[in-house]
Amino acid sequence: LQADWKKEGIPFYRAREIVKLSNDGYVDNDLFISQEHYQQLLLDYGVPNAGDLMVTGVGTIGKVYIVKENDKFYYKDASVLCFQNKFDAVIPEFGKLLMESPLLQHQIHNHTYGNTVDTITISTANRYLCVLPAKEEQKRIIKTISEIVKLTSVIENNNIEIDFDKSLLRSKILELAIQGKLVPQDENNESASVLLERIRAERKAKLGKKYVESYIFKGDDNCYYEKVGSTTKNITAEIPFDIPNSWSWIRLSNITTLITKGTTPRGDAYAYTNSGIGFLRAENIVGFDKISKKDLKYVNETTHYNFLKRSILEENDILITIAGTLGRTGMVIKEDLPLNANQAVSIVRVVNGYKIDLLYLIFVLNAPIIKKCLLSKSVEMAIPNLSLENISDCVIPLPPFQEQYNITKKINQLFDILKGGD
């Protein structure tokens with residue numbers, strides 16, 4: 001009761017104080033109750049303990065404050081709810097992230113009661129649906145989100161370091177994306193294994209006698225195996241992380257009909273012309289799906305269609321630099337054709353017509369974990385070199401097509417936000 005409030009004593013928090021604590025970490029207009037009153041409440045009802053979550057249940061609902069080790073306070077019944085962490089199954093920081101997630105906030109704001117003021121009741125809160133990963137996974141989620149929030153803060157407050165931090169943030173986004181942690185999983189999506197069955201059929205028809213049955217699967221012992229023709233071997237050491245059940249691990253060669261490299265024109269520099277067919281070199285492949293026309297070389301049609309026939313580029317070919325600065329990617333679009341490429345550029349031609357989102361594939365190839373695995377097999381020479389075999393053998397995670405599309409859309413949205421400060 002208001003009559004119980006004192007000028008000093010034990011802090012007493014209403015919803016507005018919990019909002020202030022959640023936003024700023026402190027309260028600047030404390031209300032108090034007496035020590036005696038607090039002791040009686042402790043005996044009758046219990047008081048908040050370290051690790052409990054205090055959640056606003058009226059007015060600005062759903063704001064969360066984690067009770068700290070040295071906190072000593074009580075709170076207004078019905079105005080604030082105490083989510084007690086009795087069984088130590090939830091790390092408090094994860095509980096706060098969960099309460100602030102779209103999953104819980106949607107439920108909170110769509111199942112409230114009250115005419116003029118939104119209210120959360122205890123019975124409603126008890127019915128909220130949530131997810132509870134193992135504690136080790138909770139720790140990983142907390143760490144990842146903390147890193148993203150920290151980087152975002154740096155980006156907003158330190159223009160000097162903005163390019164560097166945005167690069168790190170893009171890498172973190174890609175890392176989350178290829179592990180199935182960027183967009184929600186949908187059990188209604190057709191699994192990647194079904195997609196791969198159709199891809200195998202198309203590759204077999206396209207490659208004919210050159211086709212060799214090959215796929216990766218997870219055994220009952222939770223190890224990963226690869227079957228190539230009649231041979232099966234354990235490749236667990238090559239798998240860098242776990243993926244959702246509806247995803248599949250594949251080698252890049254499992255979804256392609258061609259992995260080759262460009263050709264050097266006869267006569268070297270004398271083969272180039274002032275106009276004609278565009279001839280790409282490694283410096284024209286600038287990253288992700290971009291191709292630069294700056295300092296573009298040209299060859300004539302005779303050279304393109306005859307001497308360089310093997311490396312004629314097609315729409316949707318993915319290009320990877322394999323000499324010099326390794327691993328930069330680009331994608332051929334219809335408007336750029338006709339094009340050819342030199343020996344420092346590899347050409348990856350993905351099966352068409354069977355639901356592979358090429359932008360997803362490019363994002364995978366640029367994700368730090370995958371790129372590190374790919375480049376770790378490069379050969380150190382006078383000019384660093386990446387072989388076509390390394391590219392063919394690159395192991396990547398493949399989601400269902402709809403999720404590939406959702407991931408690509410989400411990455412583009414986040415990258416566009418980051419681009420706003422460029």
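Q: Which residue in the turn of the hairpin formed by β7 and β8 has a positive phi?
A: In this predicted model, β7 and β8 form a hairpin with five residues between them. Five bridges join β7 to β8, and the two strands run antiparallel. The turn residue with a positive phi, of about 65°, is Asn222.

Q: Which residue of β8 is the bridge partner of Phe217?
A: Strand β8 covers residues 224-228 and is joined to β7 by bridges. Ile216 stands opposite Glu226 in β8. For Phe217, the bridge partner in β8 is Tyr225.

Q: Which residue of β9 stands opposite Glu226?
A: Four bridges join β8 to β9, and these strands run antiparallel. They form a hairpin with two residues between them, and Gly229 in its turn has a positive phi of about 60°. Opposite Glu226, in β9, stands Lys233.

Q: In what order do the three strands of the open sheet lie?
A: The pairing in this sheet is antiparallel. β7 (214-218) and β9 (231-234) each have a single partner strand, so one side of each is left without a neighbour in the sheet. That puts β7 and β9 at the edges. The order is β7-β8-β9.

Q: What is the average twist from one strand to the next in this sheet?
A: The sheet is open and has three strands, β7, β8 and β9. From one strand to the next, the twist averages 20°.

Q: Which helix gives the largest share of the largest nonpolar core?
A: The largest nonpolar core has 52 residues, and Ile318, Ile391 and Ile411 have the most contacts inside it. Its largest share is seven residues, and they come from a helix spanning residues 358-366. In soluble globular proteins, nonpolar side chains tend to be buried together. The helix is α10.

Q: How many of the nine residues of α10 are buried?
A: A residue counts as buried when its relative accessible area is under 20%. Among the α10 residues that meet this are Leu358, Tyr360, Phe363 and Asn366. The helix is mostly covered, and the number of buried residues is eight.

Q: Which residue caps the N-terminal end of α10?
A: The cap is made by a side-chain oxygen that lies 3.0 Å from the backbone nitrogen of Leu359. The residue that supplies this oxygen is Asp357.

Q: Which phenylalanine is in contact with Ile411, leaving aside neighbours within four places in sequence?
A: Ile411 is one of the residues with the most contacts inside the largest nonpolar core. Its contacts include Ile173, Leu174, Ala177 and Leu182. The phenylalanine in contact with Ile411 is Phe363.

Q: How many residues are in the second, separate core?
A: This core includes Val27, Tyr65, Phe73 and Val80. The number of residues in this second core is 18.

Q: Which helix do the buried residues of α1 pack against?
A: Helix α1 covers residues 15-24, and its buried residues are Ala15, Glu17, Ile18, Val19, Leu21 and Ser22. They pack against the strands β1, β3, β4 and β6 as well as a helix at 92-100. That helix is α3.

Q: Is Asn284 buried or exposed?
A: Asn284 lies in the loop between β12 (277-280) and β13 (285-287). A polar atom of its side chain lies 2.9 Å from the backbone nitrogen of Arg281. Not counting residues up to four places away in sequence, Asn284 touches residues including Phe279, Lys290 and Leu296. Its relative accessible area is 0%, and with the cut-off at under 20%, Asn284 is buried.

Q: What is the relative accessible area of Asn316?
A: Asn316 is found in the loop between α9 (301-307) and β16 (318-321). Its phi is positive, about 80°, although Asn316 is not a glycine. Most residues other than glycine have a negative phi. Asn316 is partly exposed, with a relative accessible area of 35%.

Q: Which proline follows the cis peptide bond from Leu337?
A: Most peptide bonds are trans. The bond after Leu337 has omega near 0°, which is cis. The proline lies in the loop between β17 (329-331) and β18 (339-341), and its name is Pro338.

Technical notes:
Residues numbered from 1 in each chain as written. Predicted model: local features only at pLDDT ≥ 70, side-chain atom pairs only at ≥ 80, totals over all residues. Heavy atoms only, no water. Buried < 20%, exposed > 50% of the residue type's maximum accessible area, 1.4 Å probe, protein only. Contact = heavy atoms within 4.5 Å. Core = buried A, V, L, I, M, F, W, Y, C linked by side-chain atoms within 4.5 Å. Pairing = 2+ DSSP bridges. Axes fitted to C-alpha atoms, helices over the stretch in contact; angles between N-to-C directions. Polar contact = N/O pair within 3.5 Å; in protein donor to acceptor, adjacent residues only side chain to side chain.
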